[in-house]
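Student: I'd like to learn how to read a sheet and a ligand pocket. Can you walk me through an example?

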Amino acid sequence: MRVIVVGSGIAGIAAAIRMAVKGHQVSVFESNSFPGGKLSSFSQDGYRFDMGPSLFTMPMYVDRLFELAGKNPAEHFKYNRLEVICRYFWEDKTELTAFDDIEKFKSNVAQNLQIDPVVISDMLADSKRKYELTGRTFLEQSLHKLGTWWDKDVLKALLTLYKLDIFKTMHTVNTRILKHPKLVQFYNRFATYNGSDPYRTSGLLTIIPYLEQGFGAYIPKGGMNSITDSLVELATSLGVEFHFNQRVDEITIADKKAFGVRIAENHYPAELVICNMDVFFAYDRLLPGQKQPKRILKQEKSSSALIFYWGIKKVFPQLDLHNIFFSDNYKTEFKHIAEGRVYHDPTVYVNITSKYVPEDAPEGCENWFTMINVPYNQGQDWDAIISKARKDVLGKLSRILEVDIAALIETEEILDPRTIESKTHSHLGALYGTASNHRMAAFLRHPNFSSGIRGLYFCGGSVHPGGGIPLCLLSAEITDHLIQNDYTS
Ligand SMILES: Cc1cc2nc3c(=O)[nH]c(=O)nc-3n(C[C@H](O)[C@H](O)[C@H](O)COP(=O)(O)OP(=O)(O)OC[C@H]3O[C@@H](n4cnc5c(N)ncnc54)[C@H](O)[C@@H]3O)c2cc1C
């Protein structure tokens, strides 16, 4: 069959690979001049910066694509497991180091927070238990097909729902287990991995720590962008054709069946269309005459980000690849985000790939990806917000690191919710599509298929199972399985 993929985000590329492996003829149309969407990079004044994602977990989902194509992943995509996942800093000089080795992490916590290591064991056991009960059910299958619910494992997961803290908040669960406010803050931060608010999102999301502390965190050789590069290379080797600078204007439908896409005056026919565009814009711009799933499209959006990409003229030995400088009042920070505002003392995340990829910065310098969580775009005065936040962030980093950071900045670029939207067509600049703050969020995302239009499927961060690289790769896998079922039965 002829398959068209709209968009070359990570899920679009993965879907294209899966379709090519099945022997279909695949074309990907991408409006940018480059692939990867949020997972791309740029260079400036001798520095290379990953544009969006910096934390890489669950690399096996990338490996799986090479294996499906009959290739040895290690020959095409190389990555290392991090010994230090992240360093954490507070203004009162408290520090924590999240070692990959859990015993080392427990000793670090015991030493710095005087906490019994058994508390960490309890936390991770709880996280692992929840993941094992629900991971396959909620993340690896369509929740919108009746067949899913007749699976033995799914029924078992449903029977244990009451043990999953779904109706409590993540903060409540973390407080119950961890007690110490700094450790609660440490584990509350995992809510931001899908753009959620720990004070509102479901306690079920306490599975996220296990994904990082159980399965590890990784750095691809060459930085995050090499995930995109290696998968585009794989897709191309399988015959997938990429067409850049080609914005799809319409998914063409006749008799409730997709039959291709239109770009300006040209029609490209296909039997299957897989849409990797943000589902909100897909309905709004590509499917305007079709029935709109209004309830789904009206859902709250995930948070967005404000990023300062800084080339810094100094090396900071006390920092690692991932570094968090915590806000003193986490609850207020999230309250501000929920109200569409930015707190004056935000948690600052500094990612420095040049720690592991020295070519990413000139000698004696570092490439800082400096990010704070901000609300999605609601028409705020972003220029004023950026100028104030820049001062607040620089002040905080300078105080904690005891050096004037502003004086070390050699080059700068800025990304905000408006530019995230314009560069990747993500509705309102949300990083992860729909927010996961609603307790039933897992069930409320758009399915990976269209219930009214045959031959139309969806993958990517705005649909089931959600945003972030691992889940986007799973969305392509679910789509692949749905197509397999729909076209062989
Ligand atoms: C700042 C930031 C930090 C992040 N941090 C992390 C992290 O640390 N770890 C993690 O796992 N995830 C992270 N994420 C989230 C992750 O990047 C996304 O969930 C994921 O990359 C989204 O992939 P996607 O497949 O949904 O496509 P997207 O990346 O959203 O790309 C969609 C593509 O479709 C193209 N397109 C849209 N409409 C059309 C059209 N009409 N015609 C043709 N092409 C079109 C766009 O140009 C774009 O290239 C982060 C995101 C951002 C922005």
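Tutor: Let's take the sheet, then a helix, then the ligand. Keep in mind that this is a predicted model.

Student: Okay, in what order do the strands of the open sheet come?

Tutor: Read across the sheet, not along the chain. Here the order of the five strands is β10-β2-β1-β14-β20, and their pairing is parallel.

Student: Which are the edge strands?

Tutor: Look for a strand that pairs on one side only; here that goes for β10 (241–243) and β20 (456–458). From one strand to the next, the twist averages 20°.

Student: How many bridges join β2 to β10?

Tutor: Three, and the two strands run parallel; β2 covers residues 25–29. You can pick out one pair yourself: Ser27 has Glu241 in β10 as its bridge partner.

Student: And the helix? Which strands does α1 lie across?

Tutor: Find residues 10–21, which form α1, and see what they pass over: β1 (2–6), β2 and β14 (272–275). The helix runs at about 165° to β2.

Student: Now the ligand. Which residues come nearest?

Tutor: There are 36 residues around the ligand, and the nearest are Gly7, Gly9, Ala11, Gly37 and Gly460. Two or more residues each come from α1, β15 (304–312), α15 (417–424) and α17 (469–488). Our helix α1 gives the most, three residues.

Student: How do the residues of that shell divide into nonpolar, polar and charged?

Tutor: Sort them by type and you get 16 nonpolar, 17 polar and three charged.

Methods:
Residues numbered from 1 in each chain as written. Predicted model: local features only at pLDDT ≥ 70, side-chain atom pairs only at ≥ 80, totals over all residues. Pairing = 2+ DSSP bridges. Helix = DSSP H or I, 4+ residues; strand = E, 2+ residues; numbered from the N terminus. Axes fitted to C-alpha atoms, helices over the stretch in contact; angles between N-to-C directions. Contact = placed C-beta atoms within 7 Å. Near = placed C-beta within 6 Å. Nonpolar A, V, L, I, M, F, W, Y, C, P; charged D, E, K, R; others polar.
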